[in-house]
Structure formats: structure tokens, C-alpha cells
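User: I am new to this structure and would like to go through it step by step. Could we look at it together?
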2 protein chains.
Amino acid sequence: MPRASRKATIHDIARLSGASASTVSAAPGESWRERRISEATVEAIRSIAAAEGHSATVQARGLRKARSGLVGMVIPLHDNRFFASMSQSFEAFSRQRGLVPVIAPSMRAPQEERRIVEPLITCAVGYMAIAGATDPDAVSAMCNAANLRHVFADLPGRGAPPVVPDNNRGAADLTRCLLTDRPITGATCRDRLYFIGGGPADYASARRTEAFRDAPRSAMREIAALCDRLGGVPAGVLVNSLTAFEGGLGHLSGLPPEDLRSSVIGCCDHDPFAACQPFPVHMVRQDAHGLIREAYRIIDQNANDPVLRMVEAEQIVPRTFHDRAFSDHG
Amino acid sequence: MPRASRKATIHDIARLSGASASTVSAAPGESWRERRISEATVEAIRSIAAAEGHSATVQARGLRKARSGLVGMVIPLHDNRFFASMSQSFEAFSRQRGLVPVIAPSMRAPQEERRIVEPLITCAVGYMAIAGATDPDAVSAMCNAANLRHVFADLPGRGAPPVVPDNNRGAADLTRCLLTDRPITGATCRDRLYFIGGGPADYASARRTEAFRDAPRSAMREIAALCDRLGGVPAGVLVNSLTAFEGGLGHLSGLPPEDLRSSVIGCCDHDPFAACQPFPVHMVRQDAHGLIREAYRIIDQNANDPVLRMVEAEQIVPRTFHDRAFSDHG
DNA sequence: ATGAAAGCGCTAACAA
DNA sequence: TTGTTAGCGCTTTCAT
């Protein structure tokens, strides 16, 4: 089924059209206007180029113009709701600008992160977005050495503009919702709000792969121990992440339903199925699209100040999972 | 913070090391052996190249060798568990071979699919994997015109080797599990097994974006109508996809728990949270990694026969969601 | 054991 | 309004 063994070049098109190579070169884009080439010539060239299936080779053009037409993005992994949403948005914004995005997963390992950034740099990407960086300073150093503009998303760095979700705000809103749902007096130990699955240390350590993998189990132990100590499920439980929430469910779903009746459960991350429990679950959906929109705004503006940009998250009220499609992160 | 304005070239390194450009060119790889360059010279060049932060520009090398070092993959969208797993695997296999993967989402639209394939071709990708193709024949035509090897995954095409999940086998296994759980006599209409959320037509039409988005709602209507007609939840419900399952839950979770006690529910797709319901759920997890492994086997073997390769799916028994980490797709 | 030189396909001055 | 020319940075014969 294969056909042509060698692709046509502008010289072939030049020969076929009777024009010169440079005229052919100018035809596809808009530069023929400045070069004052007649529209007729351009049309003629375009049509025979189309017939021959010619299109400028990215390598040659890139070599000449010192730009590859590629833009890079680093994410911890594809196989994750949040980062996949970011990929999807980055794709859309990039294509919209006529650029081809190269998205590479770092696997949450600083070493791998550096290994991933290097080929992106030698690919001559125009700029780079780094999401969930484990070693932002190292990445910044590499980018700066190559004079490459970059932004950080989700996890901040000091070497380039960072866009982060407003986690404090999100958690605060969530807490307020929980309190509205079930006024908490704090009269007894059980009548309080507890936070499960990571604290301040999470930023630096628990985001690493191994800890990440173990998060469900450890959250399950954590919540089981808490309930055991208190003699029942506390009035409010706020779970840090979906992974932890999964573990939390491991304990909570084994309990008789009436044990949960007077408790409110919340999670700082969102998943439509996770939201669908026999008890109400308050969730916060991170705005991955907004994060990337903001990142692209920085890129478009050519900003490079390291001021933190916050993007607000969205409150998800309990049991609304069927109001929106599973894949609808719009 | 930016530093060097222009990247060092082999000529710079040549000048600095006292060697010639061609010698510098041979140093990084293995070709210096055939060229009988002394190991000492190579080491010297390598060290000063490293010091200068030099690495061969992909554009120039690609132009010269007519290969870009890129490999392409087309997926319907990033923001989906199944396809994200495929991306993740494709990444790993590609990097393992020293190639940079470019993964582009087609949004399940044939027109977009063609728009996406074109830049990949002009990027001179070495080969291409197309997952969930909506118009495989058009893609094959484009690839063949560019003499580009390619394989299809998930959805087959006739123009290149296809790797597909063994859906029939998966559904059959699932059905057997359901029947084991709750022997179905078929004595009454309710005492039967029903299939929700798509039939044979799904392959061609319902996979389209619009239908995809509407799937939860339509599945919810479908199952509600069924239960209404039968006067209750049937003995067995097999749901086609996660999106449909989400809609199904919209109905089922509103029912009193005892209404579901004598029914078995199954889904042809898998999600750890979806599996965590107040009633047992049988699920099938597609082997995205296996699909890509097989696709890469085809690429490595340079095969191009259009014989269907099947990859088996994995049975997920009810309520095991906390046995594995959320992100652990092994 | 190494250097010189000729391009890969394209674009942008500079001519005409 | 268009053609000619000189490279972009690298690899690869072919000559030393």
C-alpha cells in the first residue's frame, strides 16, 4: 500500500510550476504578500503543491527559522484525571496557536524530570509548561541555560511564573460547607472536624511516587484509627486527596449506614463516581482548564516574574454526579 | 535570569577542542568507533561539549538523516482513563527506544482526526499509533501517501495492523460472573439479564462526541424506563460503558437499597470509585498497557498485515477497589 | 586517526 | 513581480 518513496521538495514544485524555489517557499503562508508575488502565481503554486502532496518539512523550516513549531509540557503522569485535564487544555490552546504540543510525563521523580526536559529542549520547543514539578529549581536552571521561557502550574517554582490552585481557599470553602451542613459544636472529641490524608508535609514528600501509591492504605489506617479512638465516625471528616479518599472509603463503606448518618464527609479533590456514595460527599473540583488558561496568558504576555497566580476551584455539592457527563470537565 | 542567547554548535566545540566539526559530530554516539577516532579524543570532546551544554539540534540532525526522532500517537482525548493509560504506556515504550512521542487528541471527530495527523506527518514521525480512530481508512490513506508505518489500537482499521480489546470475551466472562452470582431462570421478564447503554450501533455512531457527552443522561432514561416497564430492577443489568454506568447510577442510587438486593450489576469498563457502590458491581478492566505492548510488538516486527490482534481484559470482582491504589493500573 | 567539503529542505536578504 | 544566493547545524563520504 505504501506509495511515494521520497517526499516532494519545493524544488520539485518549482520545476513543475515554472516558478523559483523561493517563490514556492513563500506561497503557503502569508509572506507572499510582502514579497509582492501575484495572487495568481500563489494560487497556481498552491494547487500543484496540493496535488503533489507537498508541505514544508518541519525540520528544514525549523533549522532555518531556529524554531521547531513545538511547545512542551511536563506533567507527572498521563494516567490521572487532573493532569489529563491539563494536557487536554494545553493541547487545545497550543493547536489554537498553530503549534504542536509535546507532553511528557515525569513520573514524579526529579531525576526523570530532568531526563524528560532535556529532549524537549533539544527539540527546540518554543516554551514549556511544567505541571507538578518535583524539582522546579533544577528545571528552571536547565531552561534558563537554554534561554527557554517556561511557567509552572499546580506546584510552584521560583525560577519562573507559577500558577497554582487556590487550595487554601478551596479547603476553607469546603470547611464552611461542611459546617453549614452539620453545625459542629466541639462539645466532645467526636464532635469536631478532622483532616485525613496529608498535611503540610505532603507538598514536599508525600507527593513522591512511593508515598502516592501507598496513600490509600495509609489513609484507611488513619481513619480507622481515628474512629477507633473516638468510638465512632467524627462529626466532620475532610480528606486531602482522591487517593486518600479511596482508602477512607475502604473503612467507611464497611460501616453500617447509620454510623455515618450524623457525619459530613468532604474531599479536596473531585471525581464523579467518588461523589456517588450512600452518604453525602462534599468535593472540590480543581480547575485544570483555568490553570492552563492562566499559564498561557503568562506565556502570551511574555511575563517572567515569579509572582504566584491563584486559580479558584469549584465547589461540588453532594450527589450531583449525574448532572454533568463523566468526561465533561469544561 | 535567561543566559546564553545562542546555543553552541559543533563548530564552537570543534574550535574549543581543536578537533574538526566532523570529529565532534561523531563523538556523542557510537559512530566514532567506525571512524577510528581515538577514545581519548572522544572523551575530550565529550567533556567540553558537556561543559558548554552542547547537544545536537534535532532539526539539523533530522534534516540530514531524514528522521526526526519523533513518534506519533493519536487518541480521541487525553481526559479519559482508558486513553490516558494508553498514552502513559506509549510514552514509556517510546522513551525506552530513545524516541520522543507526540500524542495528539482527535476529539472523536473524523475531520479533526485528519487535521491532527497532518502535522504529525510533516513532523516526520517514524511511525504512528492511532487509538479509537473514527475514520481509520482516511488516516491510513494519509499515512500511506507519506509512506508512514502505522497501527490501529482499540478501534480497528483495514489499512494497517489493528490491536483491539477482546470485548466479546470480556462481556462473555462478565455475563458468566453475573450468572454465577445470581442464577437467572428467565421465568419472568424481570428475571432476565438486560444490556444498557449502547449496542452494535455504538461502534459507528455513539462514539461521536455529542453522543458521548449525552451518554449518561440517555442511559439514565434507558434504565429508568426499563425498571418502570418491569415493575422493578431486573435480575441482571450489564452496562456498556462507564459513561453509561454513571447515568445508570443516577437512577439506581435513588432507589431504596432493598430494591437492588436481588439484582446483579455489571459494567464493561472499570473505575475504582464506580466499583464502590452500596451494591456489588462486576467490572471489566481493559488492558490499555497490553494493547500498546502489542501495538509496539507490531511496530518492532515491521508487520503490516491487517490481521486483528486481540488483547484480553481483566475481570474485577465486586468491591475490591481498596485492594489496589487508585492510580495503579499495573 | 582525522579534516574538508558537499549537501539535507527551507527561508530571507539582496538583486534584478 | 520574481529569481539568485547564502546559509541554518549536522552527518557523511572522500581524502588525507
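User: Which residues come nearest to DNA strand C?
Analyst: In this predicted model, 25 residues lie around DNA strand C, and the nearest are A:Ser22, A:Ser25, A:Ala60, B:Ser20 and B:Ser22. Two or more residues each come from α2 (21-26) and α5 (58-65) of chain A and from α2 (21-26) and α5 (58-65) of chain B.

User: Which element gives the largest share there?
Analyst: That is α5(A), with five residues of the surface near DNA strand C. By class, this surface has nine nonpolar, 10 polar and six charged residues.

User: And what about DNA strand D: which residues come nearest?
Analyst: There are 26 residues around DNA strand D, of which A:Ser22, A:Arg36, B:Ser22, B:Ser25 and B:Ala60 come nearest. Here α2 and α5 of chain A and α2 and α5 of chain B each give two or more residues. The largest share, five residues, belongs to α5(B).

User: Changing topic, why is β9 of chain A largely enclosed?
Analyst: Strand β9 (residues 281-285) of chain A is largely enclosed by the rest of the structure because five of its five residues are buried. A:Val281, A:Met283 and A:Arg285 point one way, whereas A:His282 and A:Val284 point the other way.

User: Which strands are joined to β9(A) by bridges?
Analyst: Strand β8 (residues 264-267) of chain A runs parallel to β9(A), with three bridges between them. Strand β11 (residues 314-316) of chain A runs antiparallel to β9(A), also with three bridges.

User: What stands opposite A:Met283?
Analyst: A:Cys267 stands opposite A:Met283, and in β11(A) the bridge partner of A:Met283 is A:Ile316.

Methods: Residues are numbered from 1 along each chain as its sequence is written. Chains are lettered from A and ligands numbered from 1 in the order in which they are written. This is a predicted model: local features need pLDDT of at least 70, side-chain atom pairs count only at pLDDT 80 or more; totals for chains, interfaces and linings use all residues. A residue is near a molecule or strand if its C-beta atom, placed from the backbone, lies within 6 Å of it. Helices (H or I, at least four residues) and strands (E, at least two) are DSSP runs, numbered from the N terminus. Ala, Val, Leu, Ile, Met, Phe, Trp, Tyr, Cys and Pro count as nonpolar, Asp, Glu, Lys and Arg as charged, and the others, Gly among them, as polar. A residue is buried if 20 or more other C-beta atoms lie within 10 Å of its own, exposed if 12 or fewer, and partly exposed in between; C-beta atoms are placed from the backbone. Two strands pair if DSSP finds at least two bridges between them.
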